[in-house]
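Trainee: I have a model open and would like to learn how to read it feature by feature. Where should I begin?

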Amino acid sequence: MNSIIYESNTGFTKQYAMMLQEKLHIPAYERKAKHAFKEPIIYMGWTFAGKIVGLRAARKKYKIFCVIGVGMGDPTEDYRVEIQKANQIEEPFFYLQGGLAPQKLKGIKKWIINMVGKMTIKENKPGNERVIQLFQEGGSYVDEKALLPILSFINEQDR
Ligand SMILES: Cc1cc2nc3c(=O)[nH]c(=O)nc-3n(C[C@H](O)[C@H](O)[C@H](O)COP(=O)(O)O)c2cc1C
């Protein structure tokens, strides 16, 4: 694979895409820009109600080598598997924690986050502390170190 295609709403996925571009020495492009690649690509998208945004559209256009989802949920193995199943991903799949930028959200997306945030804060389930803090204050968990398993996986491939 020699390119990264990504879709980002508020910038966290883009930050990871830029880091990966630098580390792998391959270019990253926004999904909505026009490209044609025959080689398999790395697809990165933000998570919206459990779905990786742009993945379906990307599938129609590209061969996908691996998928990286970015969401506000904690990066546990259970959550990774949940998102992988919800998106019917058969390729290698990685999940990264981004953040929440409420000030950048508008319209229906802002409304959904307000609703889900109120419910999650009210439920106050143990283990949800980081996510609750994101709903309350916004913030970023973007972390270069989280890319390490992805880098070792990709570098193990013959490319
Ligand atoms: C309307 C809406 C729905 C979301 N749904 C989920 C979700 O189901 N799971 C999750 O982990 N994060 C969810 N998020 C959080 C985003 O995936 C998170 O903020 C991500 O870092 C955004 O990446 P971006 O800055 O590249 O757009 C949602 C955010 C919005 C605005």
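**Reading the model**

Mentor: Begin with a hairpin: β3 and β4 form one, with 2 residues between them, and Ala 49 in the turn has a positive phi of about 50°. Keep in mind that this is a predicted model.

Trainee: What does a positive phi tell me in general?

Mentor: Most residues other than glycine have a negative phi. Ala 49, with a positive phi of about 50°, sits in the turn of the hairpin. Two further cases are worth a look. His 25 has a positive phi near 60°, and His 25 lies in the loop between α1 (12–24) and β2 (28–30). Gln 88 has a positive phi of about 45° although it is not a glycine, and its place is the loop between α3 (77–86) and β6 (93–97).

Trainee: Does His 25 count as buried or exposed? And how many C-beta neighbours does Gln 88 have inside 10 Å?

Mentor: His 25 counts as exposed because it has 7 C-beta neighbours inside 10 Å. Gln 88 has 9 such neighbours, so Gln 88 counts as exposed too. The cut-off for exposed is 12 or fewer.

Trainee: Back to the hairpin. How do β3 and β4 run, and how many bridges join them?

Mentor: β3 and β4 (residues 51–52) run antiparallel, with 2 bridges. Within this pair, Thr 47 has Ile 52 in β4 as its bridge partner.

Trainee: Which way does β3 run relative to β1, and relative to β5?

Mentor: β1 (residues 4–7) and β3 are parallel and are joined by 4 bridges; Tyr 6 stands opposite Met 44 there. β3 and β5 (residues 64–71) are also parallel, with 6 bridges, and in that pairing Tyr 43 faces Val 67. The sheet can be followed further, since DSSP bridges also link β5 to β6: they pair in the parallel sense over 5 bridges. Gly 71 stands opposite Gln 97 in β6.

Trainee: How many residues of β3 are buried?

Mentor: In general, the side chains of a regular strand alternate between the two faces of the sheet. As for burial, 7 of the 8 residues of β3 (residues 41–48) are buried, so the strand is largely enclosed by the rest of the structure.

Trainee: How should I read a nonpolar core?

Mentor: In soluble globular proteins, nonpolar side chains tend to be buried together. Here the largest nonpolar core has 27 residues, of which Ile 4, Met 44 and Ile 68 touch the most other members. The elements giving two or more residues to this core are β1, α1, β3, β5, β6 and α6 (148–156). A second, separate core of 5 residues includes Leu 100, Val 131, Leu 134 and Phe 135.

Trainee: What is Met 44 in contact with, leaving aside neighbours within four places in sequence?

Mentor: Its partners are Ile 4, Tyr 6, Thr 13, Tyr 16, Ala 17, Ile 68 and Val 70. Leu 20, in helix α1, can be read by the same route. Leu 20 is buried because 22 other C-beta atoms lie within 10 Å. With neighbours within four places in sequence set aside, Leu 20 is in contact with Ile 4, Ala 28 and Leu 147.

Trainee: Next, the ligand. Which residues are closest to it?

Mentor: The closest are Ser 8, Asn 9, Thr 13, Gly 71 and Gly 98, out of 23 residues that surround the ligand. α1, β3, β5, β7 (99–100) and α4 (107–123) each supply at least two residues of this shell. By character, the shell divides into 10 nonpolar, 11 polar and 2 charged residues.

Trainee: And the chain as a whole: how many helices and strands are there?

Mentor: The protein chain has 6 helices and 8 strands. From the N terminus on, their order is β-α-β-β-β-α-β-α-β-β-α-α-β-α. For overall form, compare the radius of gyration with that of a compact globule: for 159 residues the latter would be near 15 Å, and the chain has 16 Å, which agrees. The C-alpha atoms fill a box of roughly 50 × 30 × 30 Å along the principal axes.

Trainee: What share of the residues counts as buried?

Mentor: Of the 159 residues, 28% count as buried. As for contacts with a separation of 6 or more, residues 24 or more positions apart account for 69% of them.

Terms used: Residues are numbered from 1 along each chain as its sequence is written. This is a predicted model: local features need pLDDT of at least 70, side-chain atom pairs count only at pLDDT 80 or more; totals for chains, interfaces and linings use all residues. A residue is buried if 20 or more other C-beta atoms lie within 10 Å of its own, exposed if 12 or fewer, and partly exposed in between; C-beta atoms are placed from the backbone. A residue is near a molecule or strand if its C-beta atom, placed from the backbone, lies within 6 Å of it. Ala, Val, Leu, Ile, Met, Phe, Trp, Tyr, Cys and Pro count as nonpolar, Asp, Glu, Lys and Arg as charged, and the others, Gly among them, as polar. A nonpolar core is a set of buried Ala, Val, Leu, Ile, Met, Phe, Trp, Tyr and Cys residues joined through C-beta atoms within 7 Å. Two residues are in contact if their C-beta atoms, placed from the backbone, lie within 7 Å. The radius of gyration is taken over C-alpha atoms; the globule rule is 2.2 Å times the number of residues to the power 0.38.
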